[in-house]
Amino acid sequence: MPPVSEREARKVAEEARQQDWDKPSFAKELFLGRFRLDLVHPHPEADAEEIRRGEDFLAILREFLATRVDPAVIERDSKIPDEVLKGLAEIGALGMKIDTEYGGLGLSQLYYNKALVLVGSVNAALGALLSAHQSIGVPQPVKMFGTDAQKREFLPRCVREVSAFLLTEPDVGSDPARLATTAVPTEDGEAYVLDGVKLWTTNGVVAGLLVVMARVPKAEGRRGGITAFVVDADSPGITVENRNAFMGLRGIENGVTRLHNVRVPAANRIGAEGAGLKIALTTLNTGRLSLPAMCVGAAKWSLKVAREWAGEREQWGRPIAGHEAVAGKIAYIAASAFALEAVLELTARMADEDRRDIRIEAALAKLYASEVGWLVSDELVQIRGGRGYETAASLRARGERGVPAEQMLRDMRINRIFEGSTEIMHLLIAREAVDAHLAVAGDIIDPEANLKAKGKAAADAGVFYAKWLPKLVTGKGQVPTSYREFTPVDGPGLAPHLRFVERASRRLARSTFYGMARWQGAMERKQGFLGRIVDIGAELFAMSAVCVRADMLRRQDPERGRAAYELADLFCRQAHVRVEELFGRLWTNTDALDVKAVEGVLAGRHLWLEEGVLDPSTEGPWIADATPGPSKVDNVHRPVG
């Protein structure tokens, strides 16, 4: 693959974005300084039939996990047993999101997430398998973009077989413009021939079906571009060359897959040529919610262990929960667990209703849950002390309860990288957050725009900002009686927190505008600033979600509602502190100094600082060779039949 310029890479990413906003978006409005509480309140609720079907399956799944899955065996053997995979297919877990007409369970996004919360609490690798199969594997893109014939052929198979998603390559991560795997059409137009190497193919070791992203060459009358294909995993020319091992997720069936002269029928192409990346990104709009579900499961489990241990363990004459240093950690875990579940369930219900555009909400949920989930896991290990660092197997061997806190910490770490790293998520969300600004003023800062385009953009921007900026001065957040419905008579009220969110939303929009005015076209390189803008939005979204969910629980069950209000109040107070700190760091930080320092590091200015150590790394290239061609190693594909 020839080198790709920054502008070319950005163009590919921009073309893959969903350009239109046909439905309202709570988060988009939030970043624009418009706190549209009416878009999420009252909290959307599931209907009775959806609840019945979902709860029935959760009962079956719970029984299966409790009686037929031994998470210690998966961790010890670094492998999900075949009988577990077969059992998941038998109870319908591989078809949770597949419609009933194709043999699936047809569960809502809400109950699919609840199932992943349950599975993830038992074993994160098992949750990753189910998530990768149904959220980014074959079922979702075929369901959303496949033909009727493709749905009839592939979806019933996905109820019985695991699928995988193949996008990443040894030298290609979040920059798909450099994708090297090719799909060359045959002369008769009946098929494509795929060649390339794919890295980190989650489920690839055991999958029966694959979604493969490959580049179709441009030609006369042929658009070409990155295209999606459904490929049989046992097709001639496919070799799983390695089963990868990781810090955590010991049982994950992740490999390196080589495709050499793999013939794929043209009928297996999903969507049009060149639409593959857009299909992948659209699929992720809801697919990203599976990862927050795993984080919710981990947070809930962490709260349970922290509560039980902190009440049992004594230090200095009292249970450790009685010491403020530990109490603060438990309070953080409890408030965060409530917030993560609130964000997950609100976004899932909005996905089920399909009356809102949730692309930003889903991305925020992924970003926020992965970061907070990691912190919660770390705090649990700290509360457990030495026992938190000790493995569950070692604890068991010496007669204590085998609490896998260190395993959860290792398992949770990947979530900050999976399905878009935190840094990439910051940029993706920031791009959507400033979309309204670029829509009216983009040509002003576009170096390729001509003077006429720049003049029109300046005029349009003048009209837009003349109407928009005055609305950021005052709002409901400054009216003491606003959101009074969130003020119960028997406990802490949440109205002050919602007023804070409204004020902070306008402040966030003003800050974004100031940044654009200050840096203009260079703002896309101000990744520290953009990341903090997004983090503020994530906190405000989470505050909104916890208030709305607490109010829903109060209406459903007054006693539980009072407890929920207390947790919501606690979380909002904690979030308030974080938001204020982030606002301060927008303008007071070391970003420019950091960039300058790194230039010195890369230039070798500080090589002396690296003296006095030995590097235990083995010899070899930083990135493995991915030259197309036949495989030279044994196939480690392990089909489950």
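**Salt bridges, aromatic pairs and surface patches**

Let me begin with Glu50, which counts as buried because its relative accessibility is 12%, and the cut-off for that class is under 20%. I should say at once that what we are looking at is a predicted model, and I will keep to what can be computed from it.

The side chain of Glu50 meets that of Arg349 in a salt bridge, with 3.3 Å from N to O. This pair links distant parts of the chain, since Glu50 sits in helix α3, residues 48-68, while Arg349 belongs to helix α12, residues 324-353, and the two are 299 residues apart. Arg349 is buried as well, with a relative accessible area of 6%.

A second salt bridge joins Glu253 and Arg638, here with an N to O distance of 2.4 Å. Glu253 lies in the loop between β6 (238-243) and β7 (254-265), and Arg638 in the segment after α23, so this contact ties together parts that are 385 residues apart in sequence. Both Glu253 and Arg638 are buried.

The third one I would like to show is formed by Glu539 and Arg578, whose closest N and O atoms are 2.7 Å apart. Because Glu539 is in helix α21 and Arg578 in helix α22 (residues 558-587), the pair ties together parts that are 39 residues apart in sequence. In this case the partners fall into two classes of accessibility: Glu539 is buried, with a relative accessible area of 7%, whereas Arg578 is partly exposed, at 22%.

In total the count comes to 47 salt bridges, and I will add one network of them, in which Lys114, Lys300, Glu341, Glu345 and Arg549 are linked.

Let me turn to the aromatic side chains, where the structure holds 13 pairs. Phe26 and Phe541 form a tilted pair, because their ring centres are 6.0 Å apart and their planes stand at 45 degrees. With Phe26 in helix α2 (residues 26-31) and Phe541 in helix α21 (residues 527-556), the pair ties together parts that are 515 residues apart in sequence. Phe26 is buried, with a relative accessible area of 1%, and Phe541 also counts as buried, at 1% relative accessibility.

Helix α21 also takes part in another pair, that of Trp519 and Phe529, which is edge-to-face, with 5.0 Å from centre to centre and 70 degrees between the planes. Trp519 lies in helix α20 (residues 495-519) and Phe529 in helix α21, so the parts tied together here are 10 residues apart in sequence. Both of these residues, Trp519 and Phe529, are buried. There is also an aromatic cluster, made of Phe464, Tyr465, Trp468, Phe513 and Tyr514.

What, then, is found on the surface? Lys11, Lys218, Arg223 and Lys278 form a positive surface patch. Of these, Lys11 is placed in helix α1, residues 6-16, and is exposed, with a relative accessible area of 54%. A nonpolar surface patch of about 300 Å² is made by Val598, Val601 and Leu602. Val601 is located in helix α23, residues 591-602, and counts as partly exposed, at 45% relative accessibility.

I will finish with Gln150, which is placed in helix α9, residues 148-160, and counts as buried, at 3% relative accessibility. Gln150 and Val230 are 80 residues apart in sequence, and their C-alpha atoms are 9.1 Å apart in space.

Conventions: Residues numbered from 1 in each chain as written. Heavy atoms only, no water. Patch = residues over 30% accessible without salt bridge, like charges linked within 9 Å, V, L, I, M, F, W, Y side chains within 5 Å. Areas by Shrake-Rupley, 256 points an atom, 1.4 Å probe, with all protein chains shown as cover. Salt bridge = Lys/Arg side-chain N within 4 Å of Asp/Glu carboxyl O. Lys, Arg positive; Asp, Glu negative; His and termini not counted. Charge placed at Lys NZ, Arg CZ, Asp CG, Glu CD. Helix = DSSP H or I, 4+ residues; strand = E, 2+ residues; numbered from the N terminus. Buried < 20%, exposed > 50% of the residue type's maximum accessible area, 1.4 Å probe, protein only. Phe/Tyr/Trp six-rings, centres within 6.5 Å; stacked < 30°, edge-to-face > 60°.
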